[in-house]
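This report describes selected residue contacts, charge pairs, ring pairs and the domain arrangement of the structure shown here.

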Amino acid sequence: MLVLAGDIGGTNTRLCLVETDGKNESTLREEIYPSGNEGLVPLVRQFLGDESNVYKACFALAGPVLNNKCKITNLPWPELDAAQLQEELNIAKVSLINDFVAIGYNIVLEKNKSLVTLQEGEFLPDAPIAIIGAGTGLGKAFAVPEGDSYRVFPTEGGHESFAPDNLLAQELLAYLRADGKVDVERVVSGPGIVDIFRFLQDRKFASEDAGDFLSQFDPGAAIAKGAAAGHFLCQQTMAIFVEAFGAAAGDMAVSFLPFGGLYIAGGIAAQNIELMRNGSFIKAFTDKARVNPVLLEKVPVHIVLNTLEGLRGAVKYAATKM
């Protein structure tokens, strides 16, 4: 059976064509495209070419999915509708799922995970699992045991209010409020890294060399690389970012008590392992008001190194859940 899977984000769209019998998978072709402004259908048609035997398609989307419809948060595309996609693409079954639901399914269904552990914790097999990841935005999902597997649920937790508890981050919040309400995603994301850098440049370190990081194609990634290379302003930026990321993950842990593990997905964490391991992430993770830090020290915390988790999860969802 031919299955089409896609992972559609605010920056890139990844598509792959897979032959599967529900248990075994063989990837026939895989491509990545800039998501652009034209919508999903032209990208899929370009990818498939003359291939007309696709039976199922599952698209993992960076936005809330309701009734198999989704308006992607950080793209100017019109709302996607699975029924309309079935007709336009001539595919018998099309499902739309949240991208972090896809990541969650790959984590819970894939036995050989490539992980870096930040905190061993005390794993409980019947406890919930939490998934959080920063990229173009901030995604969150959770999974609960269901029979001998798991069921994964989406959230829009990236849009919780940013509520820092230290003076510097509170100054950052005031700076960002010039553009309206500030959610956690405004800080814990690739664009958030850029905003933190601008804040420090404008309000704290105007005399420091700012380099040419903001003029790069991906300024967030350039700033992270600059931090690794010892650039002062970049280092200060990433210190604030990692602390805010740890606090956001800790907020999720307080809500779900995921003793089955908290998994950090997304390219930013995977590409900045040493920053994530320097202790400030876990310190912010466990530092909660009126919560004994020993409780959160029992949550296993892992970084997922495979940045294609969403795409693989869409494949697994199509093969086993549709």
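Lys288 is located in the loop between helix 10 and helix 11 (293–296). In this predicted model, the residue has a relative accessibility of 16% and therefore counts as buried, the cut-off being under 20%. Leaving aside residues up to four places away in sequence, Lys288 touches Ala247, Gly250, Asp251, Val254 and Leu296. Lys140 is 148 residues from Lys288 along the chain, and 19 Å separate the C-alpha atoms of the two.

**Aromatic pairs**

Helix 10 also takes part in ring pairing, through Phe281. A search of the whole structure finds eight aromatic pairs. In one of them, the ring centres of Phe245 and Phe281 are 5.5 Å apart and the planes stand at 80°, so the pair is classed as edge-to-face. Phe245 belongs to helix 7 (residues 232–256) and Phe281 to helix 10 (residues 280–286), so the pair ties together parts that are 36 residues apart in sequence. Phe245 and Phe281 are both buried. Elsewhere, Phe142, Phe153 and Phe256 are linked by ring pairs into a cluster. A charged group also meets a ring: Arg29 lies over the face of Phe47, at 4.4 Å from the ring centre.

**Salt bridges**

The structure holds nine salt bridges. Three of them are listed below, with the N to O separation and the accessibility of each partner.

| Pair | N to O distance | Relative accessibility, basic residue | Relative accessibility, acidic residue |
|---|---|---|---|
| Arg312 and Glu30 | 3.1 Å | Arg312, 17% (buried) | Glu30, 34% (partly exposed) |
| Lys69 and Asp81 | 3.8 Å | Lys69, 35% (partly exposed) | Asp81, 19% (buried) |
| Arg186 and Asp179 | 4.0 Å | Arg186, 21% (partly exposed) | Asp179, 66% (exposed) |

What does the salt bridge of Arg312 and Glu30 tie together? Arg312 lies in helix 12 (residues 309–320) and Glu30 in strand 3 (residues 25–34), so the bridge connects parts that are 282 residues apart in sequence. In the pair of Lys69 and Asp81, with closest N and O atoms 3.8 Å apart, Lys69 is in strand 6 (residues 69–70) and Asp81 in strand 7 (residues 80–81), so the parts tied together are twelve residues apart in sequence. Arg186 and Asp179 belong to a network of salt bridges that also includes Asp195 and Arg198.

**Domain arrangement**

The chain is divided into domain 1, which comprises 2–105 + 308–321, and domain 2, which comprises 114–305. The centres of the two domains, taken over C-alpha atoms, are 27 Å apart. Their contact takes 14 residues from domain 1 and 19 residues from domain 2. About 1100 Å² is buried between the domains, with 65% of this area on carbon and sulfur atoms. Which three residues supply more than any other three of the area that domain 1 buries against domain 2? They are Phe100, Val101 and Tyr105, with 41% of that area. The count of salt bridges between domain 1 and domain 2 is zero.

How values were computed: Residues are numbered from 1 along each chain as its sequence is written. This is a predicted model: local features need pLDDT of at least 70, side-chain atom pairs count only at pLDDT 80 or more; totals for chains, interfaces and linings use all residues. Side-chain values use heavy atoms; hydrogens and water are left out. Rings of Phe, Tyr and Trp (its six-membered ring) pair if their centres lie within 6.5 Å; planes under 30 degrees apart count as stacked, over 60 as edge-to-face and the rest as tilted. Helices (H or I, at least four residues) and strands (E, at least two) are DSSP runs, numbered from the N terminus. Buried means under 20% relative accessible area, exposed over 50%, partly exposed in between (1.4 Å probe, protein chains only). A charge sits over a ring if NZ of Lys or CZ of Arg is within 6 Å of the ring centre and within 35 degrees of the ring normal. Domain bounds come from an automatic or database domain assignment. Contact means heavy atoms within 4.5 Å. Buried area is the accessible area (1.4 Å probe) that two parts lose on being put together, summed over both. A salt bridge is a side-chain nitrogen of Lys or Arg within 4 Å of a carboxyl oxygen of Asp or Glu.
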